[in-house]
Amino acid sequence: MQNFNLTNLIRANVKNLAPYSSARDEFTDFDAKMIFLDANENPFETGINRYPDPQQKSLKVKLSELKGVSSDSILLGNGSDEVLDLLFRAFCEPYKDNVITLPPTYGMYKVLADINAVENREVLLMNDFSLNVSEILRVQDANSKLLFICSPNNPTGNLFSEKDISQLIRSFNGLVVIDEAYIDFANSESWINRLSEFENLVITQTFSKAYGMAGIRLGICFASSKIIEVLNKIKPPYNINKLTQEKALSILNKKEKLENEINLLKANKDNLLKQLLQVNWIQKIYPSSANFLLLKVDNAAKRYKQLIDAGIVVRNRSTQPLCENTLRITVGTKEENTKLISVLQNI
Ligand SMILES: *Cc1c(COP(=O)(O)O)cnc(C)c1O
């Protein structure tokens, strides 16, 4: 039987914290005609001389429409990396609590655990890269605060089964964080649609991949308003700058352009896959629901070096468990992929 209680998960210092109240938090009844002498800003107008909206209201309203989630279930971070770090800082007591991660997976979960002095319990994926549900539930204890599930998973590219994930959400006593950095490339629904079913579900997405905005650093967290409230208490007041907020809004208003790009990248991936199958030293191409392919090759270090010499940078993932002699290749433009294939066939 699940034993979930949000209040008990929050770190004591965070529970008792009085958050910093910024000038723009205290007075929110904006009227452009007012004279703002409250925040020690430079009054000469440049478009960026004022502090940004600390709650990013316009951007959240837009995201709320697009994703079908209410604004108070959304928190924005300086990249999803900041969102993930806030989760550690809100819920994990250093030197006491633990998180569970599922290698081979995104390396940032472990780095953040190390930075925050939180034990990282690793449960390897099965040989077919599916979730080892019984082992995950076996290693959880009363101090297990977060379980990170990256779906589609980086670097393996696969989505995890709906059944396994829902079983974990129902049986894990802490928060289950589903990292959906690549969900827009998958032919599968986001877990956002099931947020109201589970009070311990947290979903992260990012503007860095399908949305084409890695440079603005913007990550999104979706969760119950109670969880979002806790994260809001500890986030830096002005963590999303004004230029980022404006740029994100302008791109979200071009939904069609985004969809066309995603469809093009999916088609490019299918083409790339077909051509990679012809390269004789590539032993296996793992099925991918993301914008990259994981390849098993004869000698990853050698092939990596040959590609670098030809001016193409890929990622050697061979140090990850279950990923011996693998390369991860991001799907590029048609021209980039053509160049890649011609190099691969000639080395
Ligand atoms: C790329 C990636 C992210 C994105 O992180 P940002 O800080 O938003 O750029 C998050 N999770 C995974 C698994 C990724 O591969």
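Which residues in α11 meet which residues in α13? That was my starting point today. A caution to myself before the notes: this is a predicted model.

**Entry 1: the α11/α13 pair**

I pulled up α11 (residues 255–276) and α13 (residues 334–346). From α11, the residues in the contact are Asn268, Leu272, Gln275 and Leu276, and they meet Lys334, Asn337, Leu340, Ile341 and Leu344 of α13. Sorted by character, the residues of this contact come out as five nonpolar, three polar and one charged.

Then I looked at the geometry. The two helices pack at an angle of about 10°, and their axes are 11 Å apart. Angles under 35 degrees count as roughly parallel, so I can put α11 and α13 down as roughly parallel to each other.

**Entry 2: the four-stranded sheet**

Staying with α11, I checked what else this helix touches. Helix α11 lies across β8 and β9, and runs at about 10° to β9. Those two strands belong to an open sheet of four, in the order β8-β9-β11-β10, with antiparallel pairing. At the edges sit β8 (282–285) and β10 (315–316), each of which pairs on one side only.

How many residues lie between β8 and β9 in their hairpin? I found six. The two strands pair in the antiparallel sense over three bridges, and one partnership I wrote down is Ile285 with Leu295 in β9.

On to the next pair. Strand β9 (residues 292–297) is joined to β11 (residues 326–330) by five bridges, and the two run antiparallel. Here I noted Lys296, whose bridge partner in β11 is Thr326.

**Entry 3: the seven-stranded sheet**

There is another open sheet, with seven strands in the order β1-β7-β6-β5-β4-β2-β3 and mixed pairing. Its edge strands are β1 (74–77) and β3 (119–122), each pairing on one side only. On average, neighbouring strands are turned by 25° against each other, direction ignored.

Do β4 and β5 run parallel or antiparallel? They run parallel, with five bridges joining β4 (residues 144–150) to β5 (residues 175–179). In that pair, Phe148 has Val177 of β5 as its bridge partner.

I also logged the helices on this sheet. Helix α8 (residues 162–171) packs on the sheet and touches β4, β5 and β6 (201–206), its direction making about 150° with that of β5. Helix α9 (residues 225–234) lies across β1, β5, β6 and β7 (219–222), and runs at about 35° to β1.

**Entry 4: Arg194**

Where is Arg194? I found it in the loop between β5 and β6. Leaving out residues up to four places away in sequence, Arg194 touches Glu162, Arg170 and Leu201. I also checked Arg194 against Ser166: they are 28 residues apart in sequence, and 10.0 Å apart in space, C-alpha to C-alpha.

**Entry 5: the ligand**

I counted the surroundings next: 13 residues surround the ligand, and the closest are Ser80, Thr206, Ser208, Lys209 and Arg217.

Which ligand atom is 2.6 Å from an N or O atom in the side chain of Thr206? It is an oxygen atom. Asp179 also comes in through its side chain, with a polar atom 2.7 Å from a nitrogen atom of the ligand. For Asp81 I have a backbone N or O atom, 3.2 Å from an oxygen atom of the ligand.

**Entry 6: backbone oddities**

Last, I went through the backbone. Most residues other than glycine have a negative phi, and most peptide bonds are trans, so I made a note of the exceptions below.

- Pro103 and Pro104 are joined by a cis peptide bond, with omega about 0°. Pro104 is in the loop between β2 (98–101) and α6 (108–115).
- Ser151 and Pro152 are joined by a cis peptide bond as well, with omega about -5°. Pro152 has its place in the loop between β4 and α8.
- Tyr95 has a positive phi, near 60°, in a residue other than glycine. I found Tyr95 in the loop between α5 (80–91) and β2.

Definitions and conventions
Residues numbered from 1 in each chain as written. Predicted model: local features only at pLDDT ≥ 70, side-chain atom pairs only at ≥ 80, totals over all residues. Heavy atoms only, no water. Axes fitted to C-alpha atoms, helices over the stretch in contact; angles between N-to-C directions. Parallel < 35°, antiparallel > 145°, perpendicular 65-115°, else oblique. Contact = heavy atoms within 4.5 Å. Nonpolar A, V, L, I, M, F, W, Y, C, P; charged D, E, K, R; others polar. Pairing = 2+ DSSP bridges. Near = heavy atom within 4 Å. Polar contact = N/O pair within 3.5 Å; in protein donor to acceptor, adjacent residues only side chain to side chain.
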